[in-house]
Amino acid sequence: MVELEFKAKTQELIDSLKSICANYGLGNDGNEFKIITQIFLYKFLNDKFAYEAKKIDEDVAKANNWEKSLSDMSEEDYEMLQLQMSADTARLEPQHFISYLFSQSNAPDFAKLFDDTLIDIAIKNNDIFAVKTDGGAKVVLFDRLSQYIADESKRDDFCRAVINKLIEFSFERIFDQKFDFYAGIFEYLIKDYNSNSGGKYAEYFTPHAVARIMAEILVPQAERGTVRDVTCYDPSAGSGTLLMNVAHAIGEDRCTIYTQDISQKSSNLLRLNLILNNLVHSIPNVIQGNTIYHPYHKDDEKLKQFDYIVSNPPFKLDFSDYRDALDSKENKERFFAGIPKIKPKSADKMEIYQLFLQHIIVSLKKGGKAAVVVPTGFITAQSGIDKKIRQKLVDEKMLAGVVSMPSNIFATTGTNVSILFIDDSNDGNVVLIDASNLGEKVKEGKNQKTVLSAKEEQQIVDVFNNKDQVDDLSVAVSYDDIKAKNYSFSAGQYFEVKIEYTDITPDQFKEKMQCFTNNLDSLFEQSNELETDIKKQLAGLKYE
């Protein structure tokens, strides 16, 4: 009940902030998402600080006014309190608290105080909370938010409206909630800012069904709690949905996240997702930049290798500007199967997923596991880069299996997708699943989407992990079987063709044959009549 109540209150706060933005002319504005996500984050960090302080200091917990209790502390005691807080708690001073801003909300030039507070928090927490670019610059936690209000005379009122809303309730009672709670809150928070499928590089938000299936197969229930101190990587991370699911399966305190994504917007959303999910320690590894052109994560000069990799890379993208630069001696091992050629009349359809997939294979540790979303056409292509990648996975025994998903599993694209599972420890059978007939078609806005039930998701996971063979759903085949089928990863090509036989008596056979003969006689008769009619029509035609 408490969870439902706080989820409703949290959603109400998000809706209220969006309403404030709309009232000040920022509804559907390109900067609205920055304001909403950063204000939400400020509130979250403020209340997390209060929660941690009360856990550590009994006097603060019992005080009628915890903010005053903290303000009255000596500088030395306050510093000691902060040192005892969990590493994912922002360092705040009493003048940073929401209650302090609320007490000053009628002061002149309040918007400047509001902005200065956010910037000061960002500076004080830069080492932990800043996202880096591939050039080394830091993307700080907060912007000067009032600057997005074009009319300067309305900035103070806008900031007052925000603070008045933030003071109304506290998040403190939700910090013991688990992953599913925060996943739902994050989805609600960004749902209005996920309309362009992640811009050029990636969807901000991968469907939960895909993310859960990937996590449950990469980290089966039997292995949970046994994995520790591992690295997880996504080279086209978006807002991090795939990584959050895998990190939760492993244990947030047992893994370190590494990411790269070209989009500043999605990198900021990813940072927020990491904060919500107790993965603040991984924020320094969040890089905004072009993974294919400038891969950031390296050990010395070689690509860094990871224990787990998950990715939903872009499928098509114009990278003709730097395509030739990729064709270098340094990249020979990285792009072992080749680099897609420039398409003069349709450069925007260059298959960039082929580069991401090769990058992922080379970035995987010996004994590591990966799950990658690919267009289903990849699994059967008879030549070119796709075929070479598949050959490597089979010849080097690196393939765990493939799940071909239903069409429209992503509401924003009609492209059929499959999930490719890579695991070089799999020297047994490979699991191929055709889940294309599962799911229910539903309308989502103007788009049609296929939604898998929880039972269907679990069926896919169980069949894969147990290597079950289920009629018209799955097969478990050897590497030699795959070679014999020209390296096809399509389950349907391995399904047994079944011919049903029915026992009948000689009289029944004679009766059926007579029936077939009568039908044929009737069809021949109709054909003769039609032939005669056509000839008559042709004879009646005259030249005029």
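## A tour of the predicted model

Select Cys 21: at 1% relative accessibility, this residue counts as buried. Keep in mind throughout that the model is predicted.

**Cysteines**

Stay on Cys 21 and show the sulfur atoms. Which cysteine holds the sulfur closest to that of Cys 21? Cys 159 does, at 11 Å, which is too far for a bond. Now jump to Cys 255. This residue is buried too, with a relative accessible area of 2%. Its closest cysteine sulfur sits in Cys 232, 4.4 Å away. That pair is also not bonded, because a disulfide needs the two sulfur atoms within 2.5 Å. How many disulfides does the structure hold? The count is zero.

**Ser 146 and its surroundings**

Next, select Ser 146. Find it in the loop that runs between strand S2 (138–139) and helix H9 (155–166). Is Ser 146 buried or exposed? It is buried, at 4% relative accessible area. Display its contacts, leaving out neighbours within four places in sequence: Ala 111, Asp 115, Arg 155 and Cys 159. Cys 159 is the residue whose sulfur came up at the Cys 21 stop.

**Helices H7 and H9**

Widen the selection to helix H7 (residues 110–124) and H9. Two packed helices are described by the angle between their axes and the distance between the axes. Here the angle is about 55°, and the axes lie 7 Å apart. H7 and H9 are therefore oblique to each other. Colour the residues that make the contact. From H7, pick Phe 110, Ala 111 and Phe 114. From H9, pick Arg 155, Asp 156, Cys 159, Arg 160, Val 162 and Ile 163. By class, this contact has six nonpolar and three charged residues, and no polar ones.

**The nonpolar cores**

Move on to the nonpolar side chains. In soluble globular proteins, such side chains tend to be buried together. The largest nonpolar core in this model has 154 residues. Which of its residues touch the most other members? Select Leu 399, Phe 421 and Phe 489. Then highlight helix H2 (residues 32–56), which supplies the largest share of this core, 13 residues.

Centre the view on Phe 421. Set aside its neighbours within four places in sequence and list its contacts. They include Ile 213, Met 214, Ile 217 and Leu 218. Also in contact are Ala 370 and Ala 371. Met 398, Leu 399, Ala 400, Gly 401 and Val 403 touch Phe 421 as well, and so does Phe 464. Another core, of 12 residues, lies apart from the largest one. Among its members are Ile 292, Leu 326, Phe 335 and Leu 355.

**Two positive phi values**

Now check the backbone. Most residues other than glycine have a negative phi. Select Asp 229, where phi is near 55°, a positive value. This residue is in the loop between helix H11 (208–218) and strand S3 (230–234). Asp 229 is exposed, with 68% relative accessible area. Go next to Asn 278, whose phi is positive, near 55°. Its loop joins the stretch between helix H13 (264–276) and strand S5 (286–288). Asn 278 is partly exposed, at 42%.

**Last stop: Lys 510**

Select Lys 510. Which helix does Lys 510 lie in? It belongs to H19 (residues 506–539). Lys 510 counts as exposed, at 63% relative accessibility. Finally, add Asn 331 and draw a line between the two C-alpha atoms. They are separated by 71 Å, with the residues 179 apart along the chain.

Methods
Residues are numbered from 1 along each chain as its sequence is written. This is a predicted model: local features need pLDDT of at least 70, side-chain atom pairs count only at pLDDT 80 or more; totals for chains, interfaces and linings use all residues. Side-chain values use heavy atoms; hydrogens and water are left out. Buried means under 20% relative accessible area, exposed over 50%, partly exposed in between (1.4 Å probe, protein chains only). Helices (H or I, at least four residues) and strands (E, at least two) are DSSP runs, numbered from the N terminus. A nonpolar core is a set of buried Ala, Val, Leu, Ile, Met, Phe, Trp, Tyr and Cys residues joined through side-chain atoms within 4.5 Å. Contact means heavy atoms within 4.5 Å. Axes are lines fitted to C-alpha atoms, for helices over the stretch in contact, and angles run from 0 to 180 degrees between N-to-C directions. Angles under 35 degrees count as roughly parallel, over 145 as roughly antiparallel, 65 to 115 as roughly perpendicular and the rest as oblique. Ala, Val, Leu, Ile, Met, Phe, Trp, Tyr, Cys and Pro count as nonpolar, Asp, Glu, Lys and Arg as charged, and the others, Gly among them, as polar.
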